[in-house]
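Visitor: Please take one part of this model and go through it closely. I would like a helix and its packing partners, followed by what surrounds them in the chain.

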Amino acid sequence: MAHIPQTMRAFVLHGHGDFDVLKFHDDWPTPNPSVDQVLIKVEACGLNNTDINTRTGWYSKSVTSATTGGAYDGDQDSDGGWDGGIKFPRIQGGDAVGRVVAVGDNVNPSIIGKRVLVDTITRDWDDPANLEKTDYLGSALDGGFADYMVVDHRNANPIETNLTSAELATFAIAYSTAENLLNRAQITSRDTVLIPGASGGVGSALVQLANRRGAKTIAMASEAKHSDVATMNPMAILPRQPENLGKSLIEKTGKGTVSAVIDIVGGDQFSNLINVLERGGRYACSGAIAGPIVELDLRTLYLHDLTFHGCTIFEPKVFPYLVRYIEAGEIKPMLAASFPLEKLHDAQRAFIEKKHTGNIVVTMD
Ligand SMILES: NC(=O)c1ccc[n+]([C@@H]2O[C@H](COP(=O)([O-])OP(=O)(O)OC[C@H]3O[C@@H](n4cnc5c(N)ncnc54)[C@H](OP(=O)(O)O)[C@@H]3O)[C@@H](O)[C@H]2O)c1
């Protein structure tokens, strides 16, 4: 039986604001698993914009600009989290990987000792497909920026792979979000998919998972990241924001339209993205890092028979599929850098700078 200390190291969010509200503690109480939970000794935890956006209160309707990483004016207490208000103190970190060291009374102890990839979406496991009964680890419940965390045993997915825990910590949120986007937009091998933000966590997952389905992928990314993006084998790579998107598409692919845009960027290039969708095209969105308020000409939507999908909560089956793709080596991690837990501020500063391709993680040892 592993020795479990009564206190642990943890980065704890104490309110909305700048980095000063995210504080390191080396004497935070170690959680105890309840009857349906497992206790995980965390080995690595990936970074996400949700951590930044929740700290700054970006999800609040009072904020209309792009994600910056700094505090915003006004009061975000009632709606600063991704699903409403956040209860503080809160340990963030939704992308955890670690080993199960103890279980609650209702959990089969054979999982003890196994390395697990944590599914971030919390559910009512008697009604798991009900979107209204879901939430997010690191927002509604404590996450993985700590030595230990507890989750329902159905969120702890044992995984067999030679990948390091740091590499594994790049997958959960980005790839489940990406697979959900592709499912909702019903992407198949007949599609040509345009992917803005293809150098980021979700974007690099989208390129790989859409390729996996046999779709033709067109990645959009900053010039400096094109060689990294090329390692994921998109059919074509375009600049982050081409002057004339239709013309750039023709130059690279011979055709000025696509059947689907899978977007996590939004902002002022939104209408350009919509304008290159062919008749009957699909637009699916899970993020708006360049800005949430966009301009839409409704005539483009209805005259071209477009379909829009807003996507956050994925079906419960997505996560087990993801684990299988990883175990089979069908998707690869894009680990840009890892920092020790104590350096979470530095890790997040690097993450906000966006000079990296893929994702950044913190490790616990
Ligand atoms: N709904 C959900 O469940 C869910 C899940 C995960 C993420 N998200 C959201 O999706 C968005 C992307 O997430 P991610 O993890 O892929 O982020 P990320 O790793 O930070 O990547 C975002 C990419 O967007 C590109 N980009 C284009 N315009 C930008 C701008 N104005 N500012 C910053 N970056 C810009 C950057 O690439 P270039 O420099 O190459 O252009 C960057 O690599 C975020 O808003 C995040 O909150 C939502």
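Guide: This is a predicted model, and the part chosen here is helix α3. Helix α3 packs against helix α9 (residues 318–327) at an angle of about 115°, and the two axes are 10 Å apart. That angle makes α3 roughly perpendicular to α9. The crossing in which α3 passes α9 is right-handed. On the α3 side the residues that meet α9 are Tyr175, Ser176, Glu179 and Asn180, and on the α9 side they are Val318, Phe319, Tyr321 and Leu322.

A further partner of α3 is helix α4 (residues 201–212). Here the packing angle is about 55°, with the axes 8 Å apart. At that angle α3 is oblique to α4. The crossing of α3 past α4 is again a right-handed one. From α3, the residues Ala174, Tyr175, Thr177, Ala178, Glu179, Leu181 and Leu182 take part; from α4, they meet Gly201, Val202, Ala205, Leu206, Leu209 and Ala210. Tyr175 and Glu179 are listed in the contact with α9 and also in the contact with α4.

The next level up is the nonpolar core. In soluble globular proteins, nonpolar side chains tend to be buried together. The largest nonpolar core of this model has 98 residues, and those with the most contacts inside it are Ile40, Val118, Val193, Ile195, Leu206 and Ile262. Helix α3, which spans residues 172–184, gives the most to this core, with seven residues. The core draws at least three residues from each of domain 1 and domain 2. Leu206, named among the residues with the most contacts inside the core, is also one of the α4 residues that α3 meets.

Val193 gives a closer view of this core. Setting aside neighbours within four places in sequence, Val193 is in contact with Ile187, Ala210, Ala215, Lys216, Thr217, Ile218, Val258, Ala260 and Ile262. Of these partners, Ala210 also appears on the α4 side of the packing with α3, and Ile262 is another of the residues with the most contacts inside the core.

As for domains, the assignment of the chain gives domain 1 as 7–170 + 333–363 and domain 2 as 173–310. The C-alpha centres of the two domains lie 27 Å apart. Across the boundary, 15 residues of domain 1 are in contact with 14 residues of domain 2.

From the helices, the account moves to some loops. One of them runs between α10 (344–353) and β17 (359–363), and Lys354 lies in it. Most residues other than glycine have a negative phi, and most peptide bonds are trans. Lys354 has a positive phi, near 60°, and is not a glycine. Lys354 is partly exposed, with 15 other C-beta atoms within 10 Å. His356 is placed in this loop between α10 and β17 as well. With 18 C-beta neighbours inside 10 Å, His356 counts as partly exposed; 20 or more would be needed for a residue to be buried. Leaving aside neighbours within four places in sequence, His356 is in contact with Ala336, Ala337 and Ala350. The C-alpha atoms of His356 and Lys225 are separated by 7.7 Å, although these residues are 131 residues apart along the chain.

Asp305 also has a positive phi, of about 55°, without being a glycine. Its place is the loop between α8 (298–303) and β15 (307–310). Asp305 counts as exposed because there are 11 C-beta neighbours inside 10 Å, and the limit for exposed is 12 or fewer.

The loop between α1 (49–56) and β4 (95–103) holds Lys87, and Gly85 and Pro89 lie between α1 and β4 too. The peptide bond from Phe88 to Pro89 is cis, with omega near 0°. Gly85 counts as partly exposed, with 14 C-beta neighbours inside 10 Å, whereas Lys87 is exposed, with 9 other C-beta atoms within 10 Å. Beyond neighbours within four places in sequence, Gly85 is in contact with Asp77, Ser78, Asp79 and Gly80. Gly85 and Ser60, 25 residues apart in sequence, have C-alpha atoms 9.0 Å apart in space. For Lys87 and Asn106, 19 residues apart in sequence, the C-alpha to C-alpha distance is 28 Å.

How values were computed: Residues are numbered from 1 along each chain as its sequence is written. This is a predicted model: local features need pLDDT of at least 70, side-chain atom pairs count only at pLDDT 80 or more; totals for chains, interfaces and linings use all residues. A nonpolar core is a set of buried Ala, Val, Leu, Ile, Met, Phe, Trp, Tyr and Cys residues joined through C-beta atoms within 7 Å. Helices (H or I, at least four residues) and strands (E, at least two) are DSSP runs, numbered from the N terminus. Domain bounds come from an automatic or database domain assignment. Two residues are in contact if their C-beta atoms, placed from the backbone, lie within 7 Å. Axes are lines fitted to C-alpha atoms, for helices over the stretch in contact, and angles run from 0 to 180 degrees between N-to-C directions. Angles under 35 degrees count as roughly parallel, over 145 as roughly antiparallel, 65 to 115 as roughly perpendicular and the rest as oblique. A crossing is left-handed if the near helix is turned anticlockwise from the far one by less than a right angle, and right-handed if clockwise.
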